[in-house]
Amino acid sequence: MGKFFRVIIFLALLPVGVLLAEPSQEKQRLVETARHSGKSADYWAVCEYILYHEDDPRTFLWAAAEGRRCAIAERSASSIATYYDYMAEYSLSVGKVSDYMPYKQKAYAIYHAIGGRDKQAECCIYVGNYYNAMGKYDSARIWLERMDTYARTRPRETSYNVMLSCLADTYYRMGVIDSAMSKEQEAARYSQMLADTITLLGSYRALGMYARTKGLLEEALTYYGQALALLEGSAGEEMAEEKASLYTNLAVLCHDMMQKDDALRYAGMALDLVPRFHNGLTTVQLYSNLGMLYLKNRQMDKAAFCLSHGWELARRMDNGDMQLRLAAYMVEMKTLQNDPDSANYYMSLASPLLRDTRMQPTAMAYLQAEMDALMAQGRYTEALSTGKRILAMAPGRKFVHINLYDAMRQCYKHMGDYRNALRYAELYGQLNDSVKGTEQNRALSELNVKYATKEKELELLRAESRRKLEAEHYKYRVAGLVTALLALILLTVLVVGRLRKKALRLRLYAQSKERELALFHTDAELRLTRKFLDGVESERNRLARELHDGVSNDLYALELRLKKDNGTSPSALETLAGIRKSVRDISHELMPPLFSQLSVKQIVENYVLNLGESTGMDICFCAEPEADGWEQVGQQTGMAVYRIVQEVLGNVVKHAGATVAEVSMELQDSGLLLCVTDNGPLAPQHSSARQQGIGLRTLNERVEQVGGTWWTERRDGKNYCYVRIPMR
C-alpha cells in the first residue's frame, strides 16, 4: 500500500531533483523477461518499475506501446485499462498535465465496464490526489468519496486507509481541520488493522500537524511520539520521505515552542534526507518548511538555498498554493535582507495567487509575511489591515496570535495609537506566558531527549547490523572462493581424465597399429615364403623334367648306341644303366606327387618304402589312422608334409650314420603330428644347425608356410624330429 504515497511523484507535474542513475540490473531483467514472454503483464512490470524507481522515458514509452499491443492481442480489457493508468501517471511525471485526466478517465471507464471495482477505487485515489495538487478541493472530495461505501467493505483490496488519508488532506487544505483529523484518525485505525506501517506513519505525522495547527500541543506530541516509535529501527530508503516529513514537522513544532537547537537539529536531519527520494511535491513542501525554519533562525544561506530551490520547483510545477507559500517566505527573507524592491516584487506575484488559493493555512502564512514586509517599509495602516484579515482567519490559534499581537502592537505604536498598542501588548504578554510554561513544553523536551537516545541506540543497532552484514559478506566471499576452488579442482580432474582417456585411446590405437603392422609383416613373410617355395617347386619340376626328358633320355640313347657297338664292355653298360636309373629316381623324387589321386599317407608311405629300397636302410612307416581320414589333409599341407619328410630323411641318410629309421604320422583333432626317428650315433644336421644350409632353410620355411612348428630331441640313444601342423 505504500505505493500510494509515491503517487505524489506524478502530482509533481514535472520531475525535478531526480537523481539520474545508470540503468539498473532489475530493469534490464524485467525488460528481458517481457521480450521473452511477450505478455502485457510483463511489460506493465517494466512501466511500474520505471515510474517508481528510474527516469527513463524512452524505455517506458517502448514498454507501454508493446504492452498495449500485447493487451489488444490478448483481448484483455483489464490490461488495456492498465495501459491508460500508467500513461496517465507518466503524463504527470513529464509535466503533460492536460493528458492526465483523459487517460485516467479512460482507465476508470474500462474498470467500470468490466466490473473492476477495486481498480475503480484505486483510480479515485489517484484522481483525488491530482485534484488536491491542482487546488480543486471540491472535485478531490467528490472523487475520494465516490467509492467510499464499496471500499469500506474491502479495505485491503481497495487501500481504503489510503483513500481516507487523502480525503483528510483534502479537508485540511480546505481549512476544515476537525474533519481532516476525524478522517485521518479513521485512516490510522484501518492502517493498524491492515498492518500498513508506511500509511500509519503518514497518518500519525498528519495528525500531529493537524493538532499543532489547532493548538492542541499535547495531542500533537502524542502523535509525533507514535510516529517516532514506528521509525525506530527503520533504515530503508522507502522510509526516507516519511522520515524527512516527520523531522520537518518536529522542527516546526520545536520552533513554535521556542526550542531553537532542537528545531535546527530536526531541520538538518530532514534536509539530509531530501536527495534520497524523488517525490517532486513533497520536495517542494520540505524546501518550503525548512526554508521557513532557517529563515526564522536567521541562517540566511540555508534559507536562500531551500527557498530558491523550492520556488523554482513550484513554478515549474505550476502549483499556485506552493508558490504562494514560498512567496511568503521569499518576502520575509527579502525584508530581513533590507531589499524592499524584491519583497514588493514577490508580493506582486503573490497577489493573484492569494485570490485563487483555497488553502487557508497557506493564505494566512503569506499574510503574516506581507504584514511584516509592510511594517518594515513603514506602511503601518496597510499592515494593520492585513493583520485583521489574519485574525479573522485564525481564531484560537495561539502561536499565530502571539506574533500577530506583537506586530499589531508595534503598528499602533508607530501610528501614535498608544491605547490600542497597550491593549495588544497585554494580550501578547498573557499568551506568551501561557505557552512558555505549559506541560506541553516539558513534554516536548522529554520527547526530544527520548528521541535523541533512541537515535543513539538505533545507530548502535545499525553499526551492529553493518558488522553482521560484513561478516555475512565475508562468509559469502569465503564460500565463493571455496566453491571456485572446488570448481577449479573438478575442472582439473575432468581435464586430466580427458587427457588420460585420450592417451589411452592413442595407446590402444598405437597397439592396434602395431598388431596390424605385425600381421602385415607376418603376411608379407608368408607371401614371401610361399613365393620362395613356389619357386623351389617350380625349379624342382623344371629339373625333374630336364633330368627325365633330357639327361635320362640322353643316357638311354647312349646306352643303346654302346650296345650296338660290340666293343663296349658289359661293366660299362651296367654302370651306365645304373647312372640312368639314378637320374630317373632323382627326377621322380623332384617331381611333385599327384595329390589329386592319392592321400598324403599313401604318398609318404610310398616314398619311404622306395627310399629304403634305394638306400638299403631299414626304414619303416606307420600312420594313425591306418586308412580313412587322410583325405581331409589339403593339397598344400600334404605337399609340405611330403617335402618335410624328404628333407628330414635326406639329412638322416647323409649325416646320422643310421641303419634303422622310422616315419610315423598321426592325425589328431588339433592337427597332424609327424615324427622321424633314427638310431644314428650322431644327431642329424638339422638337430644342431637349424639355420645352416639351403635344405634346412627350406625345411624351416615349409613348416612356417603351413603355420606349424618343429623341434628335435635325442633320448635313449635315438634321434627324434617332430613336426606339428595345425589343420585348417
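**A tour of one sheet and one helix**

Begin with the open sheet of five strands, whose order is S1-S2-S3-S5-S4 and whose pairing is mixed; bear in mind throughout that this is a predicted model. Select residues 618-624 and 709-715 to find the edge strands, S1 and S4, each of which pairs on one side only. Looking across the sheet, you will find that the twist averages 15° from one strand to the next.

Next select residues 718-726, which form strand S5, and follow the seven bridges over which S5 and S4 pair in the antiparallel sense. Glu-713 is a useful place to pause here, as this residue stands opposite Tyr-720 in S5.

Now add the helices that pack on the sheet. Helix H27, residues 600-615, touches S1 and strand S2 (660-667), and its direction makes about 170° with that of S1. Helix H28, residues 635-656, touches S2, strand S3 (671-678) and S5, while its direction makes about 15° with that of S3.

Then move to helix H4, residues 57-74, whose end C-alpha atoms are 25 Å apart, in agreement with the 26 Å that its 18 residues should span at 1.5 Å a residue. Colour its buried residues, which are Thr-59, Phe-60, Ala-63, Ala-64, Gly-67, Cys-70 and Ala-71. Viewed down the axis of H4, these buried residues fall within an arc of 135°, so they line one face of the helix. Their cover includes helix H2 (25-37), helix H3 (40-53) and helix H5 (77-93), whereas Arg-58 and Ala-73, on the other side of H4, are exposed. Finish at Arg-75, just after H4, where phi is positive at about 55°.

Methods. Residues numbered from 1 in each chain as written. Predicted model: local features only at pLDDT ≥ 70, side-chain atom pairs only at ≥ 80, totals over all residues. Heavy atoms only, no water. Pairing = 2+ DSSP bridges. Helix = DSSP H or I, 4+ residues; strand = E, 2+ residues; numbered from the N terminus. Axes fitted to C-alpha atoms, helices over the stretch in contact; angles between N-to-C directions. Contact = heavy atoms within 4.5 Å. Expected span 1.5 Å × (residues − 1). Buried < 20%, exposed > 50% of the residue type's maximum accessible area, 1.4 Å probe, protein only. Arc of directions from axis to C-beta.
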